[in-house]
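Please examine the sequence and the structure shown below before reading the report.

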Amino acid sequence: MTGTSTEQDRRWLLTAIDLSHQCPPSQTAFSVGAVIVDEHGNEISRGYSRETDAHVHAEESALAKVAADDPRLKTPTLCSSLEPCTQRRSRPRTCTQLILDAGIPRVVTA
């Protein structure tokens, strides 16, 4: 999944959008889905907003399901139905920072 956008990116973005429909309703937060995909187009993990608690974001949820030292995190693409947050009140680190800390080199948003 390296390089520019591909049909595979589109397929995984549609998966992320489908995941966003699983989010519990919220009057104050977006419903977002995210999928982490390896360089061969295989799913590593997925998540959606409010999946495990009222404040969890989709990217955060997907990342929490993968060990920090998992070698697949060196080359994946994270596909999200909305750009990862860069400011946050409910957690000490933003989703952008979590993605950078994980070493994920590529993010595709809908």
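The following report describes a predicted model, with attention to a sheet, one of its strands and a pocket.

## The sheet

Four strands form an open sheet in the order β2-β1-β3-β4, and their pairing is mixed. The edges are occupied by β2 (43-48) and β4, each of which has a single partner strand, so one side of each is left without a neighbour in the sheet. On average, neighbouring strands of this sheet are turned by 15 degrees against each other, direction ignored.

## Strands β3 and β4

Strand β3 (residues 77-80) pairs with β4 in the parallel sense, over four bridges. Thr 77 has Arg 106 as its bridge partner in β4, and Ser 80 stands opposite Thr 109 of that strand. Together with helix α3 (residues 95-102), β3 and β4 make up a right-handed β-α-β unit.

In a regular strand, side chains alternate between the two faces of the sheet. Strand β4 (residues 106-109) shows such an alternation. The side chains of Arg 106 and Val 108 point to one face and are buried, whereas those of Val 107 and Thr 109 point to the other face and are not buried.

## The largest pocket

The volume of the largest pocket is about 520 Å³. Its lining consists of 21 residues, and those nearest the centre of the pocket are Thr 28, Ala 29, Phe 30, His 57 and Cys 85. By residue class, the lining of this pocket comprises nine nonpolar, seven polar and five charged residues.

Note on methods:
Residues are numbered from 1 along each chain as its sequence is written. This is a predicted model: local features need pLDDT of at least 70, side-chain atom pairs count only at pLDDT 80 or more; totals for chains, interfaces and linings use all residues. Side-chain values use heavy atoms; hydrogens and water are left out. On a 1 Å grid over the protein atoms alone, a cavity is a set of points where a 1.4 Å probe fits but cannot get out, and a pocket is an open set with protein on both sides within 12 Å along at least five of seven lines; lining residues have an atom within 4 Å of a point. Grid points are joined across faces, edges and corners, and a volume is the space filled by probe spheres set on the points. Ala, Val, Leu, Ile, Met, Phe, Trp, Tyr, Cys and Pro count as nonpolar, Asp, Glu, Lys and Arg as charged, and the others, Gly among them, as polar. Buried means under 20% relative accessible area, exposed over 50%, partly exposed in between (1.4 Å probe, protein chains only). Helices (H or I, at least four residues) and strands (E, at least two) are DSSP runs, numbered from the N terminus. Two strands pair if DSSP finds at least two bridges between them. A crossover is right-handed if, with the strands pointing away from the viewer, the path from the first strand over the helix to the second runs clockwise. Axes are lines fitted to C-alpha atoms, for helices over the stretch in contact, and angles run from 0 to 180 degrees between N-to-C directions.
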